[in-house]
Amino acid sequence: MGDRLELSTRLEQKLALRARLDARVRKDYADEPDAAEDPAALSDLEEETERLRHQISALDVEIAELERELAAGG
């Protein structure tokens with residue numbers, strides 16, 4: 001039972017982190033028109049958005065693994 005609780009806790013933490021990163025990506029998209037006036041700022045924003053997308057992709061893999069473990073009985 002302890003392993004299942006630990007897996008559930010880790011899954012919840014990963015889902016919360018993914019939600020925060022997703023919110024940051026949405027904010028970056030909202031900030032894009034303002035940054036378009038400054039090529040350096042736009043480049044920085046695009047790099048940050050790509051980094052966040054990469055983190056989200058890695059989290060998606062981790063979340064899927066945790067969900068599989070829980071479905072298998074943890």
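## Salt bridges and packing in a two-helix model

Arginine 24 and glutamate 48 form a salt bridge, with 2.6 Å between their closest N and O atoms. The pair joins distant parts of the chain, since arginine 24 lies in helix H1 (residues 2–35) and glutamate 48 in helix H2, 24 residues apart. The model in which this pair is found is a predicted one. Neither partner is buried: arginine 24 has a relative accessibility of 39% and therefore counts as partly exposed, and glutamate 48, at 23%, is partly exposed too.

Glutamate 48 has a further partner. Arginine 51 forms a salt bridge with glutamate 48, the closest N and O atoms being 2.8 Å apart. Here both residues belong to helix H2 and are 3 residues apart, so about one helical turn separates them. Arginine 51 is partly exposed, because its relative accessibility is 38%. Taken together, Arg24, Glu48 and Arg51 are linked in a network of salt bridges.

The structure holds 8 salt bridges. Another of them lies within helix H1, where the side chains of lysine 27 and aspartate 31 meet at 2.5 Å, N to O. These two residues are 4 apart in the sequence, which means a separation of about one helical turn. Aspartate 31 has a relative accessible area of 27% and so is partly exposed.

Aspartate 28, also in helix H1, presents another case. What is the nearest side chain of opposite charge to aspartate 28, and how far away is it? It is lysine 27, at 5.3 Å; aspartate 28 is buried and has no salt bridge. A salt bridge requires a side-chain nitrogen of Lys or Arg within 4 Å of a carboxyl oxygen of Asp or Glu, so a distance of 5.3 Å does not qualify. Leaving aside residues up to four places away in sequence, aspartate 28 touches Leu45, Glu48, Thr49 and Leu52. Of the residues in that list, Leu45, Thr49 and Leu52 are among the buried residues of H2.

The buried set of H2 comprises Leu45, Thr49, Leu52, Ile56, Leu59, Ile63, Leu66 and Leu70. Isoleucine 56, placed in helix H2, serves as an example. Its relative accessible area is 9%, so isoleucine 56 is buried, the limit being under 20%. Which residues does isoleucine 56 touch, not counting those up to four places away in sequence? They are Arg18, Leu21, Asp22 and Val25. For one of these, aspartate 22, the C-alpha atom is separated from that of isoleucine 56 by 7.4 Å, although the two residues are 34 apart along the chain.

Helix H2 runs over residues 39–71, and its 33 residues should span 48 Å at 1.5 Å a residue; the end C-alpha atoms are 47 Å apart, so the two values agree. Just after H2, glycine 73 takes a positive phi of about 110°.

The remaining values concern the protein as a whole. Its secondary structure comes to 2 helices and 0 strands. Along the principal axes, the C-alpha trace spans about 55 × 15 × 15 Å. The radius of gyration is 17 Å, whereas a compact globule of 74 residues would have one near 11 Å. Of those 74 residues, 19% count as buried. Among contacts between residues at least 6 apart in sequence, 77% join residues at least 24 apart. The protein exposes about 5200 Å², and carbon and sulfur atoms supply 53% of that area.

Terms used. Residues are numbered from 1 along each chain as its sequence is written. This is a predicted model: local features need pLDDT of at least 70, side-chain atom pairs count only at pLDDT 80 or more; totals for chains, interfaces and linings use all residues. Side-chain values use heavy atoms; hydrogens and water are left out. The expected span of a helix is 1.5 Å times one less than its number of residues. Buried means under 20% relative accessible area, exposed over 50%, partly exposed in between (1.4 Å probe, protein chains only). Lys and Arg count as positive and Asp and Glu as negative; His and the chain ends are not counted. Contact means heavy atoms within 4.5 Å. The radius of gyration is taken over C-alpha atoms; the globule rule is 2.2 Å times the number of residues to the power 0.38. Accessible areas come from the Shrake-Rupley method with a 1.4 Å probe; for residues, only the protein chains shown count as cover.
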